[in-house]
Amino acid sequence: MAIKFDIKNADLFYGDFQALKNINLEIRDKEITAFIGPSGCGKSTLLKSLNRMNDLIEGCKITGSFKLDGVDIYKDIEITELRKRVGMVFQKPNLFPMSIYDNIAYGPRTHGIKKKAQLDEIVETSLRQASIWDECKDRLKKSALGTSGGQQQRLCIARALAVKPEIILMDEPTSALDPISTIKIEELCQQIKNDYTIVIVTHNMQQATRISDKTAFFLHGEIVEFDTTEKIFSAPSEQRTLDYITGRFG
Amino acid sequence: MSEKMRTYKAHPMSLLFSIITKIAVIITIAIFFFIVGYVIIRGVPYLTPSLFEWEYNTENASMMPAIITTFEMVGIALLIAAPLGVFCAIYLVEYAKKGNKLVKWIRLTTETLSGIPSIIYGLFGNMFFVIFLQWRLSLLAGACTLAIMVLPLIIRSTEEALKSVDDSFREGSYGLGAGKLRTIFVIVLPPAMSGILSGIILAVGRIVGETAALIYTAGTVAKIPGLFESGRTLALHMYVLSNEGLHMNEASATAVVLLVTVLLLNALASLVAKKLSKGEK
């Protein structure tokens, strides 16, 4: 598989605090890559630097190279274009206080799609892809905030899919959800992985083993080990990885 | 009840405190009803049709020109203050970086401005708009002065309304590739709107009730004014009538109209505020 993201010698500082230290990582196309590690290890930080959400944080400084299909995302690409190609699903469902339809159509409208027929089609396809069409096709015009937490998170995924991204970043997407909703989201990830590259941050190691192809283990801002998920969880080469996955700390 | 009594016996101070709080409540409510009742009893009998004739003369002491002037004054002052205040607040919340020196200065100035007695605005308006810009005592000079006066109020309430919009909405919008402008207008402003509106309604209340700042800027002519003509608002009309001492009954009637206007505005403001808190849930 082709390399989608190529990260080289990346350092990230929040003011004086170094949150990422010399990160080198290749994320491959149409794979699910999981970031695991204890809280504050930098996994979310790295995820957010892939679509430049860290730009919103003051005092955040990034060095090194982040290449998407060989193009530096911090130098040679428009930020709105980058975020169109690299979608994001957040830890807590953050649907806008508007109708389900308007939520899904927000992204396409942002990128200039105005025709109703075209929007209708995008909304339906996105909702179908996120396997939530049947549950909400009769209330598209009702407020999106009236749905359950699990549905909201799947709607957030549908909203991200609606701009037709190549990559979807998920920042602990199931940490606020019940087990059944969690399973639905995981199944969803499996379904869409043939068309999208997914990077998922998770606290839940079972989740990483269930859905991901590759796993990166983070500790204190460094990647300790990066390999196939199978290898990481069966025969890690680093003692620290073994300690973490066997629950000795974290 | 008996259990309560036992508690109070054990802790006499808490009984005393509970009585003090209740007395405070009763006095506050009594004052409100006393004032409202007094104004209504004094004023309502004199609310005659002649008070609402188009032209003011010493025979009828009509308040109609003052009513219209009040609307003009509110309209023009808001036309200036509302966009200025709202955009200023948008800058402060959405654009300015934290710890920005300019932000500190704007905060300091708005807070200082909101603490200044209105007569000082009147004097400033007189020196600057009336004399220096040679607008004379006029509707425009008065409206500009009042606009400056209510600006801090509008900025403050808009700021609070914008801050109350959850940051996760902004993140969601940026995450989909939206720019700042779209995020602010489509995502942030709609849920903040009721908060902004209730701030503007409070500003209207202050404009309607203002006298001191207008005496030296808008003057006291009892006609419907053009932009560069002097005119008196309801509050000022009442002040002048009672000052002259010839039309005390008409002044009381004016007070009724003024009171009703302000009460309605406050009711509107709390209604809007209630809608806001409902929207947040």
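Trainee: What pattern does chain B follow along the sequence?

Mentor: Reading along, you get α-α-α-α-α-α-α-α-α-α-α. That matches the tally for chain B, 11 helices and 0 strands. Keep in mind that this is a predicted model.

Trainee: How far does chain B span along its principal axes?

Mentor: About 65 × 65 × 30 Å for the C-alpha trace. Of its 281 residues, 43% count as buried.

Trainee: What makes B:Ile27 partly exposed?

Mentor: Set the value against the cut-offs: buried is under 20% and exposed is over 50%. B:Ile27 has 46% relative accessibility, so it counts as partly exposed. You'll find B:Ile27 in helix α2 of chain B, residues 12–43.

Trainee: Which residues form a nonpolar patch with B:Ile27 on the surface?

Mentor: The patch is made of B:Leu15, B:Ile19, B:Ile23, B:Ile27, B:Ile31, B:Phe34, B:Ile35 and B:Tyr38, with about 780 Å² of accessible area together. Patch residues need over 30% relative accessible area, and B:Ile27 with its 46% passes that mark.

Trainee: Why are α3(A) and α8(B) called roughly antiparallel?

Mentor: Helix α3 of chain A (residues 100–110) and helix α8 of chain B (residues 180–209) pack at an angle of about 155°. Angles over 145 degrees count as roughly antiparallel, so this pair gets that label. Their axes are 13 Å apart, and the crossing is right-handed.

Trainee: How do you know whether A:Leu95 is buried or exposed?

Mentor: Its relative accessibility is 2%. The limit for buried is under 20%, so A:Leu95 is buried. A:Leu95 sits in the loop between β6 (86–89) and α3 of chain A. The C-alpha atoms of A:Leu95 and A:Arg159 are separated by 8.7 Å, although the two are 64 residues apart along the chain.

Trainee: What makes A:Glu31 and A:Lys214 a salt bridge?

Mentor: Side chains of opposite charge can pair when their charged atoms come close. Here the closest N and O atoms are 3.2 Å apart. The rule asks for within 4 Å, so the pair qualifies.

Trainee: Where do A:Glu31 and A:Lys214 lie?

Mentor: A:Glu31 is in the loop between β2 (17–28) and β3 (32–36), while A:Lys214 is in strand β9 (residues 214–219), so the pair ties together parts of chain A that are 183 residues apart in sequence. A:Glu31 has 13% relative accessible area and is buried; A:Lys214, at 15%, is buried too.

Trainee: How do you know that A:Lys75 and A:Asp72 meet in a salt bridge?

Mentor: The N to O distance is 3.8 Å, and the limit is within 4 Å, so they count. A:Lys75 is exposed at 66%, whereas A:Asp72 is buried at 7%.

Trainee: Why does the salt bridge of B:Arg107 and B:Glu159 tie together parts of chain B?

Mentor: B:Arg107 lies in helix α4 (residues 101–115) and B:Glu159 in helix α6 (residues 139–163), so the pair links parts 52 residues apart in sequence. Their closest N and O atoms are 2.3 Å apart. B:Arg107 is partly exposed at 25%, but B:Glu159 is buried at 2%. Through shared partners, salt bridges join B:Arg107, B:Arg156, B:Glu159, B:Glu160 and B:Lys163 into one network.

Trainee: How many salt bridges does a search of the whole structure find?

Mentor: There are 25 over all chains.

Definitions and conventions: Residues are numbered from 1 along each chain as its sequence is written. Chains are lettered from A and ligands numbered from 1 in the order in which they are written. This is a predicted model: local features need pLDDT of at least 70, side-chain atom pairs count only at pLDDT 80 or more; totals for chains, interfaces and linings use all residues. Side-chain values use heavy atoms; hydrogens and water are left out. Patches are made of residues with over 30% relative accessible area and no salt bridge: like charges are joined within 9 Å, nonpolar side chains (Val, Leu, Ile, Met, Phe, Trp, Tyr) within 5 Å. Accessible areas come from the Shrake-Rupley method with a 1.4 Å probe; for residues, only the protein chains shown count as cover. A salt bridge is a side-chain nitrogen of Lys or Arg within 4 Å of a carboxyl oxygen of Asp or Glu. Helices (H or I, at least four residues) and strands (E, at least two) are DSSP runs, numbered from the N terminus. Buried means under 20% relative accessible area, exposed over 50%, partly exposed in between (1.4 Å probe, protein chains only). Axes are lines fitted to C-alpha atoms, for helices over the stretch in contact, and angles run from 0 to 180 degrees between N-to-C directions. A crossing is left-handed if the near helix is turned anticlockwise from the far one by less than a right angle, and right-handed if clockwise.
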